[in-house]
Every structure is written in C-alpha cells, then in structure tokens.
Amino acid sequence: MPGPAPIPFVGELCYILCKGLIKYHIDLVHKYGKIIGIFDGKTPFIVLSDPNLLRNVLIKDSNVFINRRVLEGISGPFEHGLLALKDEQWKNARSIISPTFSTAKLKAMYGLMNEISDMYYKRLLEYADKQEIFDIKLLNGQYTLDIIASCLFGIGTNSLQHANVTLTNHLKKFFNRVISPRLASYFGKKGYSMFPKDAIDYTTNLVNQILARRRQRLERRNDFIQMMIDHEEEVNHEENEINQRTDKKEQQSQQQWGTLKKTLNDKEIFGQALIFLVAGYETTSILMSCFFYVMATEPVIQEKVYEEIRQELGDDEVTHEKLNQLSYLDMVISETLRMYPPGITFDRVASCDYQLGNYHIPKGSIINVPVYPIHHDPNVWPDPEKFIPERFLPAEKAKRHPMAYLPFGDGPRNCIGMRFALLEAKLGIAKALRVVEFQKCEKTQVPLQLGKLEILNSKNGIWVRVVRRSQ
Ligand code: HEM
C-alpha cells in the first residue's frame, strides 16, 4: 500500500502537530492517493478517501467496522457516551437514544430552541446598535451551549444573558479538555482523568437533582432527560403488563434470552448528555460562524438568502415547518459544511481481518477518513475553493458519489445529532438574517485562516460587523 516510511517512536504525530491535521491530510492525499498505509506504532492506519471502498467500510460492511478508536482510554462519565461505546453496548445505547432525535421529538424540543434564538438575535441587534465589531464565534458558542444545556441536559445556562456563570464555566471545562481527543485518549490510558473533578461533581449533582425531580413528577420539560424518563416508564409499564399476562416459567425464559438492556441508568443518561455537549457544542457553533463569515464576504449570496427568508417567513413566527421550506438556505448551509467541515476526520476499527480492495488488512487496523481533502477534491468539486451553493441543487447532487460529501459521517455510526444541529443552526440563522446584515470589518481575515486541531477552527476568531436591516 502506498504511504510514507514509518517514523520510529513519534510516528506521524510530529508532522500533524507542525502542519495541522488539514494540511497534513491534503499533502498525504496529494502525494499518495486515495488509499494510504501508515503505521501508528504497530497498528496499521489507513487514510482512505476512495469513495467505493469508503462505502464498503461505512455502510456495506459496517458490521465489521462498528467501533471507532478516537476516544479509547477515556474514563469517567464519558465511557458511557455513544462516541466511546463499543459493539453490543453501542448498538443497545444507540437504539434507545435514536428516537430522541426523531422529527416528532425535535418538534417537541423546538419551543425550547425558539426561546434561546430570540435572545440570540437580540444580542445581534445590541452589537448593531453599538456599532461594535465582534468575534461571532463567541456569540455562537453561547447560543449552541444554551441550546444543548436546555434541550439535552434540561438546565438553563443562559450564557447569552451572562447568567449562571458557574455552570457555564463548568460545562466549558469538559469541552476544552477534549478538543484534542488524541491527547485525552493518551492521558486516559495512563490513568489520568482529563476532566476536572469539580466540574464532574457539580454537573453530576445538578443532573441527579433534575432526574429526581422529574421522577417525582415535580417538573416536566420537552428535553432529552425527560424523554429518557418517559421511555423508562413506558418500558416498565410494558414489562409489568407482560409479567401479569405470562406465567412464571415463561417470564424466566424471557429473562434468559432478553439480554439487551431497554433503558439507560442515571450514570448513562448523564454520560450521553455530556457526549452531546462535547460533540455538538463547538461543531454547530463553527458551522454557524463559517456561515456568517460567508455572508459577510459574499454579499450577493447573503442577499439571496435574505430574500428567501423575507419571502417565506415575512415577519411571522418562525415555525419548524417554515424553516423546512428554505431551500436556498439549505444549499448555502451544505456548501458551508463542504468548504468548512467542522469534523475534519473520523475513524473506524476493523473487528476482523478484511479485504480492502486489493489489500488484506489485519484485525485492529484503523480506517481514517480525511474529510477535508474529500470535500476539496477538484475532480469532484470543480473550483473547490469557490463558494457555489448551486452544487447542492438536487440534479447536481444526484450526479455525485454519496461518499464525496461526509460532514456528518455515514452509515449506522453517523452523527446522531445531525438533524438537531441543522435545526438549531437554521433557526438562529433565519432569525439573525431577518434583522441584521453581516459585513466584513477591518479584522475579518480573508481567506479564513484555519487552526491545527482535529475540529476545524479559525485561527483568530471570525470578526464581523452587523447593521440593522430597515423594515
Ligand atoms: C454541525 C454540527 C455537527 C457536525 C459537523 C458533526 C459531525 C459529526 C461527525 C463527522 C461524526 C462522526 C460520524 C461517523 O463516525 O460516521 C459525529 C458523531 C457524533 N455526533 Fe455529531 N456533529 C455535529 C453536531 C452534533 C450534535 C448537535 C450532537 C448532539 C446533539 C452530536 C452528537 C454526535 C454523537 C453522539 C456522535 C457519535 C455517534 C455514534 O457513535 O453513534 N453531533 N458528528
């Protein structure tokens, strides 16, 4: 398999640290092609961008490639989270959690998101009135943190209004420590916790109190915690009914065979909520920030998005249904995710020996997907550095291989929060563009300078100016 010669001890890490992961992946793919063999210590590590082989790994043979590697060794509440779970435990947890992100449940959460999006656009109007330039990433971070805390943890951070600073700081500590999953994993394996005890204790207590209040029916909200409790009650109710109908012998045989868990315990619910925070807070904030960067630097596209929003929404309430009608906005968001994919890489691990195209790869090999070069391949995306939303017209999409566009991964282990993320981003964007216009300012960097981490980031923030729209 083509690839660079192994480097003893440090492997490729020194190149990644020097160049940053995006540049490292671009150089590798440019030099060696779509299937590249590297060693990570003694483990074969394959950087794969061939679309047909990717389809085999992610979809057709997904039962072989069920686990990912990145968060191995991580302990504490994170070990119960979807990102780190493996094999049957992952399948089980994913099947319990998936319904939480169904259209019906997202609609139920919409009210909570809507309240926060109102605070968001009001903050933008404050910047417009003060004529202040600002880093939109900080504001978007507050918006996505408030939404995740409210819809998934069941708690109000209100960071957009600078309330509950203690909680906001504790939640941010979790995220800041996992910005480099490789380092987190390294320290985890050595027995060190990457997560400060005070933040774990504070948030565990808080979520436990919420769980207790909900179980005693002292409060109810349309959030993830509530959905898990409702699910638990439904399962208990069903099991009681079955137990009443069947005799003892039959119950014993069902218990013997029914090994799959049907509910999550409190620790697992907390672990999932934390993973949602880690996986969903920064990624969605980056998507929105890059989107507004495009608005500020491509005024013609901004006007088209604005026109569609005015035409479809006018001054009416922004409903879930109306957001679904904004087709040009959808294309601009898709093109933003192509040019600036927040998750620039993801992995799968081979659970047995496997034939990958012409190559036999041993059990334990890691398949690494370099999303950024896939999204910027000039043979698939002509003029890849140009922002062209029309690439996502249905007829254009139909011409492309489905593996040419992977902002949320693919297959059964894809991003569970995709629709949640797109909904919160579209809601915030629609409300913002209705009232303000985004403009470049003296601190806007064109082109965007990207950071070196495993999650796409801008080096120096995304600075913009906003101006009130006249009604
Ligand atoms: C624009 C925003 C987001 C992007 C670009 C993104 C991207 C990704 C990617 C690339 C993966 C790996 C997929 C794979 O391995 O095939 C992933 C997994 C995951 N994401 Fe997201 N994500 C976003 C938002 C969210 C949100 C808001 C949540 C939670 C509410 C979330 C929760 C997760 C979880 C739990 C996984 C692991 C799924 C599993 O292993 O079963 N993500 N995401």
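Across the chain of this predicted model, pLDDT averages 88, and 89% of the residues reach a score of at least 70. The scores for the model are an ipTM of 0.99 and a pTM of 0.92. As a general caution, predicted coordinates should not be read in detail where pLDDT is low.

An open sheet is built from three strands, which follow one another in the order β3-β9-β8 with antiparallel pairing. The edges of this sheet are formed by β3, covering residues 134-135, and by β8, covering residues 436-439, each of which pairs on one side only. Between β3 and β9, the latter spanning residues 463-468, the antiparallel pairing rests on two bridges, and Asp135 has Trp463 of β9 as its bridge partner. The sheet is also accompanied by a helix, since α5, made up of residues 103-130, lies across β3, β8 and β9 and runs at about 90° to β9.

Empty space in the structure was examined next. The second largest pocket holds about 750 Å³ of space, and among the 31 residues that line this pocket, Ser334, Lys397, Phe408, Met418 and Leu422 are the closest to its centre. Several helices take part in the lining: at least two residues each are supplied by α5, α14 (320-323), α15 (327-339), α17 (394-399) and α18 (418-435). Of the contributions to this lining, that of α15 is the most, with six residues. Helix α5 is thus both an element that lies across the three strands of the sheet and one of the helices that supply residues to the lining of the second largest pocket. By residue class, the lining of this pocket comprises 17 nonpolar, eight polar and six charged residues.

Apart from the pocket, a search of the whole structure returns five cavities of 30 Å³ or more. The second largest cavity contains about 40 Å³ of space, and its lining is made up of Val57, Leu58, Ser62, Phe65, Ile66, Trp90, Arg348, Pro412 and Arg413. Six of the residues in this lining are nonpolar, one is polar and two are charged; by the classification used, the charged residues are Arg348 and Arg413, while the polar residue is Ser62.

Definitions and conventions
Residues are numbered from 1 along each chain as its sequence is written. This is a predicted model: local features need pLDDT of at least 70, side-chain atom pairs count only at pLDDT 80 or more; totals for chains, interfaces and linings use all residues. Side-chain values use heavy atoms; hydrogens and water are left out. Two strands pair if DSSP finds at least two bridges between them. Helices (H or I, at least four residues) and strands (E, at least two) are DSSP runs, numbered from the N terminus. Contact means heavy atoms within 4.5 Å. Axes are lines fitted to C-alpha atoms, for helices over the stretch in contact, and angles run from 0 to 180 degrees between N-to-C directions. pLDDT is the predictor's confidence in each residue, from 0 to 100. On a 1 Å grid over the protein atoms alone, a cavity is a set of points where a 1.4 Å probe fits but cannot get out, and a pocket is an open set with protein on both sides within 12 Å along at least five of seven lines; lining residues have an atom within 4 Å of a point. Grid points are joined across faces, edges and corners, and a volume is the space filled by probe spheres set on the points.
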